Structures are given as structure tokens and as C-alpha cells.
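Visitor: I should like a close look at a single part of this model. Please begin with one loop and work outwards from there to the elements around it.

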Amino acid sequence: MKVEVDKLILAVEEILVGLGETEANAKKIAEILVKADMRGISTHGVYLLNVIAMRVDGGQLRLPTEVEVLSEKDATVLIDGKDGIGMVAGYFALEKAIEKAKEYGIGISLIRNTNNVGCLGCYTEKAADNGMIAIMASNAAPAMAPWGAAEKFLGTNPIALSIPGDGMNFTMDMATSVVARGKIREAQRKGMKIPEGWALDAEGRPTTDPEAALKGTLMPIGGPKGSALAMAVDIICGLLAGSGYGNQLKSFHVLEGPTRVGASCIVIDVSRFIDLNEFKEKMKVYFATVKGLKKAHGVEEIFIPGEIEFRREKRSREEGVELDDKLASSINALLEKVGSSLRLN
């Protein structure tokens, strides 16, 4: 079914406030969750409300979310997410990094002790819309073995990077594993098989069974290269931020205690190096050049990173956000639970 963007945002806000979040925080969380669904990233969208509600019921999420600035010096900020909803800490970290970048040309925020921050590209896109280049990363619960190891230690440890463009930004948003763990969970929920090459089972054998994959390990992108990237993210977002890392991290989707997730946000002011309008014009030409290159056999169109998601977001704004019936029903159940009369239909 398709749901109007504003209606879905309102539903998310009502659920979050009903669970104990502040109205101000709920607006920020709703923006990130709905934008993820608008861009077709359903694993990081409003589906997470079910997980948030589960953790609230289990007493393993501190609401309302409070964030604390532990240190702030020149272009750097260290933030404690205090085991609240990760999107609040992520949003705050982005705002502080943008603020610092405007003053110093670059801003760096690190977050400790937070939870799943959601779709990283949804944050970096906001920075790019403000004329900034942004790089954001987060560590996660163990799901992937370091290259050469037989047991999981690293999370999928995603990285996103956005660069402002003329009308459309360049946005790369990827896990350091072949696929995000959320895709495995989604296949499990829908009773589907996963493609070969995504994961190994607990005995280190290739598997297409999502349940076996969740008990085993995911595969890193590019073998040792992806493993190295995942380690770098874990070191910066975990060790450097003073948060959890490696097998100290817990899953957000299971009630096993604080996740201790860490995140990083780096923002660069483009105007410190080149006039922003001139840069955007150069980006426009660059995109056109790439899209005009000779296509490989069987390829109908060359896409700029983030272009497919950009088109989906535009379509969602015009036609509504696509939600499967099972997810819509779960959102309606949460609305009923918090005493809201609003329903998605």
C-alpha cells in the first residue's frame, strides 16, 4: 500500500511520543525513518519502530532520549548518546559537525553509547543539501568474520558519503559486508532465500538460508579490502569514540543489553576550497560525462551513486511511500497500542 509522506511522518511521531519520546526528538527520528523508506531502504525505515517498541517494553532503551556533549574543542565534538534512540544522537552529531564546518571549514563529531542510527545516507544528504561534503560511519554488532577468521567479530559497519550536486547529490551509502544484515533479516521475515555469496553458516559453509546466515557470518565486500574498511570503522567509531567495538557490541534487534554502538560524522565546507555554485556546475558536467560514457553490454543506463534512491524519493513524495501490508499492519498495531486514532489505510 502507499501512504502519504506527511501522514506516515505523523504516524511515526505519534508512536514515538506514545512510547515516551519527546515531540522534538520524535520529529527528527520520523524524518530519518520515513526518508529511508522514501528512498527504498526499507530495512532502515519505519520497520525499526517495531524494534524500538520491543526494546522500550523490555526496559532496554532510555526514553526520552538525552544526548550529552562530553567534550567540545575547536572543530571536534564528543557526544554520549546515553543509550537512547540512535537517530537523535545521529541528528545532533550532524548538526554539530555542520556548525563546526561553517566555523573551521571542517567539523568532526564522534558518538559513544548510542543505538542503531538508521540510514546514514539520510544524514549525509542533509549536509550535502547545505553545501557540505559529509562522511558518516557506524559500527554494529558482530556479523562478519575478519578476513581469514572463522568467527564473527566485525559488524556490517556501514559508511555513507554525500557530495553536493546541482539538483541531485552524489550519495554513496553501503555496508562493508556484501549485504547489510538488515537484508538477511528481511529475507527471514518474508520466508525467502538469500543469494549465494552473501553469507556463511556457523560451520563456515556457504548458505542461502537467512536463519543459518544470521547464526553464521556475512561476507566482506572485496574480501580483505572490505574487512579492512570494517576494522577502520570499528576503530574510529568504537575505540576512538570510547564506545563498544568488536564482540563488545550487542544487537539492537535482540534484548541482550545496551548495544554500545558508536558513530562518526565528518563534514567539510565546500566553499573553503571553491565557490559552491561553481562546484555544483562542475558536478553537473561530471555527472553528465559519466552518464554519457559508452555502456557495457546489456546496460540500459549508467547511474550516479544515489541516483536510484533520489528518483525513488521523488516518486514517493509525489505518489506516497510504499509499505507492504504486513509492515502497515504492525504500524497500525503500534498506533493502537499508544492510544492514537490515526491509522494507515
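Visitor: What is the relative accessibility of K82, and what does K82 count as on that basis?

Guide: The relative accessibility of K82 is 30%, so K82 counts as partly exposed; buried means under 20% relative accessible area, exposed means over 50%, and partly exposed lies in between, with a 1.4 Å probe and protein chains only. The model is predicted, so local features require pLDDT of at least 70 and side-chain atom pairs pLDDT 80 or more, while totals for chains, interfaces and linings use all residues. Residues are numbered from 1 along each chain as its sequence is written, and side-chain values use heavy atoms, without hydrogens or water.

K82 occupies the loop between β3 (76-80) and α4; helices (H or I, at least four residues) and strands (E, at least two) are DSSP runs numbered from the N terminus. The backbone of K82 deserves attention: its phi is positive, about 50°, although K82 is not a glycine.

K82 also appears among the partners of R112, a residue of strand β4 (residues 106-114). With neighbours within four places in sequence set aside, R112 is in contact (heavy atoms within 4.5 Å) with L70, L78, I79, D80, G81, K82, A241, G242, S243 and V261. R112 is itself partly exposed, since its relative accessible area is 22%. Its C-alpha lies 12 Å from that of I235, and the two residues are 123 places apart in sequence.

Strand β4 also holds N113. Here again phi is positive in a residue other than glycine, with a value near 55°. N113 has a relative accessible area of 24% and is therefore partly exposed.

On the other side of the K82 loop in the chain order comes helix α4. The axes of helix α2 (residues 23-38) and helix α4 (residues 86-104) come within 9 Å and cross at roughly 90°. Axes are lines fitted to C-alpha atoms, for helices over the stretch in contact, and angles run from 0 to 180 degrees between N-to-C directions. On the α2 side of this contact are N25, K28, I29, E31, I32 and L33, and these meet M87, V88, Y91 and E95 of α4.

Helix α2 also contains K35. This lysine has 12% relative accessibility and hence counts as buried. Not counting residues up to four places away in sequence, K35 touches A30, C122, E125 and E313. Beyond α2, the loop that leads to α3 contains G40. G40 has a relative accessible area of 34%, so this glycine is partly exposed. G40 and A145 are 105 residues apart along the chain, and their C-alpha atoms are separated by 28 Å.

Both α2 and α4 are among the elements against which the buried residues of α3 pack, together with α1 (5-19) and α11 (325-337). The buried residues of helix α3 (residues 48-57) are L48, L49, V51, I52, A53 and R55. Of these, I52 may be examined individually: at 1% relative accessibility, I52 is counted as buried. Apart from neighbours within four places in sequence, the contacts of I52 are with L16, L19, L61, I85 and F252. K193, 141 residues away from I52 in sequence, lies at a C-alpha to C-alpha distance of 26 Å.

The chain after α3 shows two backbone features. G59, which follows α3, has a positive phi near 70°. The peptide bond joining L63 and P64 is cis, with omega about 0°, and P64 belongs to the loop between α3 and β2 (68-73).

A further loop offers a counterpoint to the partly exposed K82. W147 is placed in the loop between β5 (132-138) and β6 (159-163). At 53% relative accessibility, W147 counts as exposed. With residues within four places in sequence left aside, W147 contacts P220, G223, P224 and S227. The C-alpha atoms of W147 and S227 are 5.7 Å apart, and 80 residues separate the pair along the chain.

To return to the starting point, K82 combines a positive phi of about 50° with a place in the loop between β3 and α4, and R112 of β4 is in contact with K82.
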